[in-house]
Amino acid sequence: MLWLGLVAFPLYVMLGATVQSRIEYSTNGPLSLPRSFSLSNYTQDFSNGFGLYFLNTLIVTASVVGIVLLLVPPLAFSIVRSRSRGSVRIFRLFLLGLAIPAQAVIVPMFYVISKAGLYDNLIGVILPTAAFCLPVCALILTGTMRDITGELFEAMAIDGATTRRVFFQLVVPLSRGGLATIVVFSALQAWNGFLFPLVLTQSEETKVLTLGLYNFQTEHGIDIPGLLAAVVLSTVPVLLVYLFARRALVQGLMGVGGK
Amino acid sequence: MVVLTTPVEGERQRQRPRTGRGPSAHTVARPGIGWALPAALFFTLFAIVPLVLVAVLSFASWNGLEAPRFAGLDNWSGLLHDPVMIKSLWLSVLLTGLGVVTQTPLAILLGVWAAGRQRNRAVLSAVFFVPLLLSATAVSVLWRALLDPNFGVPAQARWLFGDGNLLGSRTGAISVLVLVATWQFTPFHALIYQGAARAIPEVLYQAAAIDGAGRVRRFFHITLPQLRNSVITSVILMVVGGLTTFDTVLILTQGGPGTDTSISAYYMYQKAFREFDFGQGAAIALLLVVVATVISLIVVRISGYDKMAGTKEGM
């Protein structure tokens, strides 16, 4: 119950503040109930460039999810079903990768991305973000794929199915739960990413939401209602996804810790 | 699909019927290593190569513009003689330790609670886990606004906060960082415990109930010992996460007041991307990885090698 208060209180203050005008907020303080209701804080944020940041974040998120969906299912399939020793080694590589924090590689990442000519380009943000999603996603999806029984593979073998057909007609459909989890997980990572955009982009055109928030705070620190409205804006899509995909996300994260 | 037993890989292969409808029936199509290669290459290029490069760059001097030059042990001896560096490392460890101490009991209680089957649980736990979804940036900006000395909560409750400038003192700033980390990460660790608590066999509780053990005793003698492995996992994640906290410090305190909350990850950013001393930054980054790995190994060793120790270990 205490936790409920602890979680709900800041959220309440935040939502309350965003519908008040700046003057009203500073005279009444954060604890008072809003007496007026207006969405001008939100519209103002959009005129401050948040529309563009929104679009950039959307591009980054969609691309990261795309890369993850392209790379992880075949990877997990190979790890679970291949008898080659190489696949085991590759799995170990990813398990090792679980422990690499983004902070540890940010300096050389800056070097690599600059050398590749991708500095201040959204692609330069997308690639490392996707790479750092891979270990957890691989872990989640191999877990799901291991639950597919051997009999099903045999049944398909009797039908003379090729590896490719086994993958697309058996493994992918039966891994839907795991796939949903990795989509939600990587989308969340990409949407909330801060360090890579901070270090790897510079100009206004490539700014993502989290960076927009950070800059907004340093530039307009006094306009708390406007700032909090920006926080809400940056969070709404995430909360919507959470409402629809809570189960997938929660179970996937539970699996990561439990296994 | 109902599966009574899930045989492990090896057994599965042995159980495959050897007499079928001809040779072709035996050959189950298996993916080769080629299926794993694209992901492996991609990951190597953007995670493993930089990890190797960070070690290389820690022996170089590089300002971000010209080509890196070999600098021998300059960066490392520089770190040894840098009082801020030593302080930042100590701060990182302190903040991580405080985080573990505050988050673990809370997360265990929340997780065990959420694993139960009360009414309203689904709705309440949906609210509980909201902080998990917010970016560290959003969380930090939100708390900074809440704690603003002029317009935030402290200004309303001066009897509690004094002059209200919580982030202006060392103790205040450190407490705020611990509080915010707890707010943000406890739900995630609670999830880990929730999963593990669900897996505890009901029989244990039934047996304890027959022996007349109360709720508290059942918690300490059954639930906690059964959660041991999750405690280890969770603490390791907290250590790695704590040592690499960055966004929160950048937004909430900027390392201040002075260098009082300049933890290593922030100091690394400061050195590399503000003072353009990338070699120094790389050395700090490498040091952080080493420290995180060593602490993780210590946690595993302490908690994994004396299985007969009491039930409250790890708390």
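A helix here is a DSSP run of H or I at least four residues long, numbered from the N terminus. Keep that in mind, as the tour uses helix labels throughout. The model you have open is predicted.

**Stop 1: where the two chains meet**

Start by colouring chain A and chain B separately. Select the residues in contact between them: 95 come from chain B and 96 from chain A. The size of an interface is often given as the accessible area lost when the parts come together. For chain B and chain A, that buried area is about 8,300 Å², with carbon and sulfur atoms giving 78% of it. Now show B:Trp35, B:Leu133 and B:Phe151 as sticks; in chain B these three lose the most area to chain A, together 10% of what that side buries.

Next, highlight helix α2 of chain B, residues 37–57. This helix brings 15 residues, the largest share of the side of chain B that touches chain A. If you colour that side of chain B by residue class, you will find 65 nonpolar, 20 polar and ten charged residues.

What about polar links between the chains? Six residue pairs are in polar contact between chain B and chain A, counting pairs with both residues at pLDDT 80 or more. Salt bridges across this interface number zero.

**Stop 2: an enclosed space**

Which residues line the largest cavity? From chain A, select Trp191, Asn192, Leu209, Thr210, Ser234, Thr235 and Val238, and from chain B, select Leu133, Leu134, Ser135 and Ala138. You may recognise B:Leu133 from the first stop, where it was among the chain B residues losing the most area to chain A. The space inside this cavity is about 50 Å³, and the model has two cavities of 30 Å³ or more.

Now show the helices of chain A around it: α9 (176–192), α11 (209–219) and α12 (224–258) each supply at least two lining residues. The most come from α12(A), which gives three. By class, the lining of the largest cavity has six nonpolar residues, five polar and no charged.

**Stop 3: a pocket in chain B**

Move on to the second largest pocket, with a volume of about 680 Å³. To find its centre, select B:Val112, B:Trp113, B:Gly116, B:Tyr205 and B:Thr223, the nearest to it of 16 lining residues. In chain B, helices α4 (83–115), α10 (170–198), α11 (202–210) and α12 (215–226) each supply at least two residues of this lining. Here the classes come to eight nonpolar, three polar and five charged.

**Stop 4: a salt bridge**

Over all chains, the structure holds four salt bridges. To see one of them, select B:Asp260 and B:Lys87, whose closest N and O atoms are 3.1 Å apart. B:Asp260 sits in the loop between α14 (247–252) and α15 (264–274) of chain B, while B:Lys87 is in helix α4 of chain B, so the pair ties together parts 173 residues apart in sequence.

Definitions and conventions
Residues are numbered from 1 along each chain as its sequence is written. Chains are lettered from A and ligands numbered from 1 in the order in which they are written. This is a predicted model: local features need pLDDT of at least 70, side-chain atom pairs count only at pLDDT 80 or more; totals for chains, interfaces and linings use all residues. Side-chain values use heavy atoms; hydrogens and water are left out. Contact means heavy atoms within 4.5 Å. Buried area is the accessible area (1.4 Å probe) that two parts lose on being put together, summed over both. A salt bridge is a side-chain nitrogen of Lys or Arg within 4 Å of a carboxyl oxygen of Asp or Glu. A polar contact is a pair of N or O atoms within 3.5 Å; within protein, one must be able to donate a hydrogen and the other to accept it, and residues adjacent in sequence count only if both atoms are side-chain atoms. Ala, Val, Leu, Ile, Met, Phe, Trp, Tyr, Cys and Pro count as nonpolar, Asp, Glu, Lys and Arg as charged, and the others, Gly among them, as polar. On a 1 Å grid over the protein atoms alone, a cavity is a set of points where a 1.4 Å probe fits but cannot get out, and a pocket is an open set with protein on both sides within 12 Å along at least five of seven lines; lining residues have an atom within 4 Å of a point. Grid points are joined across faces, edges and corners, and a volume is the space filled by probe spheres set on the points.
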